[in-house]
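Colleague: I would like a close look at a single part of this model. Please take one helix and work outward to its surroundings.

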Amino acid sequence: MAIKADGVYVDATFGGGGHSKAILQQLGPKGKLIAFDQDADAWKNKPDDERLIPVTENFKYLQRFLRLHGHKEVDGILADLGVSSFQFDTAERGFSIRYDGPLDMRMDKRSELTAAKVLATYSEPQLHKLFEQYGEVRNSKQLAKHIVTNRKGRGVQTIEGLKAMLAPVIKGVNPNRYLAQVFQALRIEVNDELGVLKEFLQQAAMCLKPGGRLCVISFHSLEDRIVKHYIKRGRWDEAGEYEEAVKPPLKPVNAKPIEPTEEEIKRNPRARSAQLRVGERS
């Protein structure tokens with residue numbers, strides 16, 4: 001992030017507060033850190049530091065809240081995408097296949113859509129598309145049909161209930177990997193993660209000062225692909241969702257994603273699939 005002691009920075013995903021702590025350690029008394037997190041539980045980790053400005057909202061509102069706090073442009077922005085360790089380790093949040101709990105998966109408890117509601121109300125074509133695109137589940141069509149057939153008369157409300165329902169479909173494959181893909185798809189849908197990421201990237205580029213850096217850590221190819229193409233081309237994919245030619249507002253600092261070392265993975269196994277991309281404001 002090339003942190004300057006008197007700079008203004010953003011931690012777009014406060015989570016457990018680890019990145020915020022590391023940034024604050026490099027800031028001087030005049031520096032500021034604006035941290036976003038829509039999950040009320042995350043703020044239990046808030047440090048007592050007057051340089052930290054907490055924003056209890058989704059980072060898709062980045063530009064609005066930076067202006068509200070008097071910082072139209074900042075020196076650097078960090079986003080650590082996906083689910084925090086706290087969310088994974090809290091059974092009642094419903095993010096992990098390791099625990100039983102409600103099929104919730106909401107990062108913001110104020111929202112209405114839960115994983116249970118998706119499974120109970122989405123049509124077979126909707127579920128097929130969801131598992132195919134967001135989970136890259138190999139037999140997504142069969143999975144969608146199985147869910148629609150077996151949910152009749154008994155909705156599925158818990159993680160163990162979902163595992164039991166899916167057991168016949170999982171035969172012959174790695175069950176943990178399969179369930180992880182299913183959970184990923186549901187979580188992305190419940191929280192509109194890819195849509196939020198696209199909104200965030202556009203706003204982040206506009207909110208950086210010239211020379212300011214955007215650092216994004218992603219944990220699966222769907223997110224990383226969006227980040228990669230936006231930093232390189234100013235659009236989401238190879239084909240481009242923008243018809244007009246655009247000059248990318250950012251330039252890549254690293255040609256390839258920065259990945260964790262073997263030592264880091266030993267200390268923190270959850271970092272195994274992490275990829276960091278850095279873009280600098282032109």
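**Helix α8 and its surroundings**

Modeller: Start with what is hidden in α8: Tyr 178, Leu 179, Gln 181, Val 182, Phe 183, Gln 184, Ala 185, Leu 186, Arg 187, Ile 188, Val 190 and Asn 191 are buried. Bear in mind that this is a predicted model. Since 12 of the 17 residues of α8 are buried, the helix is largely enclosed by the rest of the structure.

Its length checks out. Helix α8 covers residues 175-191, and at 1.5 Å a residue its 17 residues should span 24 Å. The end C-alpha atoms are 24 Å apart, so the two values agree.

Now the ends. At the N-terminal end, Asn 174 acts as the cap of α8. A side-chain oxygen of Asn 174 lies 3.0 Å from the backbone nitrogen of Asn 176. After α8 comes Asp 192, with a positive phi, near 50 degrees.

What surrounds the helix? The buried residues of α8 pack against α4 (115-121), α5 (124-134), α6 (140-150), α7 (159-170), α9 and α10.

One charged residue of α8 deserves a stop. Arg 187 is buried, at a relative accessible area of 10%. Its side chain meets that of Glu 193 in a salt bridge, 2.7 Å from N to O. Glu 193 also counts as buried, at 11% relative accessibility. Side chains of opposite charge can pair when their charged atoms come close.

Elsewhere, salt bridges with shared partners join Asp 39, Asp 41, Lys 44, Arg 93 and Lys 109 into one network. Within that network, Arg 93 pairs with Asp 39, with the closest N and O atoms 2.8 Å apart. Arg 93 sits in the loop between α3 (85-89) and α4, and Asp 39 in the loop between β2 and β3, so the pair ties together parts that are 54 residues apart in sequence. Both Arg 93 and Asp 39 are buried. Asp 41 forms a salt bridge with Lys 44, at 3.5 Å between the closest N and O atoms. Here the burial is split: Asp 41 counts as buried at 13% relative accessibility, whereas Lys 44 is exposed at 64%. The whole structure holds 15 salt bridges.

Next, the neighbours α9 and α10. Both contribute to the largest nonpolar core. That core has 34 residues, and Val 10, Leu 62, Ile 77, Phe 200, Leu 201 and Leu 214 touch the most other members. Two or more residues each come from β1 (8-11), β2 (32-36), β3 (52-55), α2 (62-68), β4 (74-80), α9 (193-207), β5 (208-218) and α10. Helix α9 gives the most, with eight residues. Leu 62 shows how the parts meet. Beyond its sequence neighbours within four places, Leu 62 is in contact with Val 10, Phe 36, Ile 77, Phe 200, Gln 203, Ala 204 and Cys 207. Another core, of 33 residues, lies apart from the largest one and includes Phe 95, Leu 103, Met 105 and Ala 144. In soluble globular proteins, nonpolar side chains tend to be buried together.

Finish in α10, which covers residues 221-233 and contains Asp 224. Asp 224 is buried, with a relative accessible area of 8%. Its side chain makes a polar contact of 2.7 Å with the side chain of Arg 277. Setting aside neighbours within four places in sequence, Asp 224 is in contact with Ser 218, Gln 275 and Arg 277.

Technical notes
Residues are numbered from 1 along each chain as its sequence is written. This is a predicted model: local features need pLDDT of at least 70, side-chain atom pairs count only at pLDDT 80 or more; totals for chains, interfaces and linings use all residues. Side-chain values use heavy atoms; hydrogens and water are left out. Helices (H or I, at least four residues) and strands (E, at least two) are DSSP runs, numbered from the N terminus. Buried means under 20% relative accessible area, exposed over 50%, partly exposed in between (1.4 Å probe, protein chains only). A polar contact is a pair of N or O atoms within 3.5 Å; within protein, one must be able to donate a hydrogen and the other to accept it, and residues adjacent in sequence count only if both atoms are side-chain atoms. Contact means heavy atoms within 4.5 Å. A nonpolar core is a set of buried Ala, Val, Leu, Ile, Met, Phe, Trp, Tyr and Cys residues joined through side-chain atoms within 4.5 Å. The expected span of a helix is 1.5 Å times one less than its number of residues. A salt bridge is a side-chain nitrogen of Lys or Arg within 4 Å of a carboxyl oxygen of Asp or Glu.
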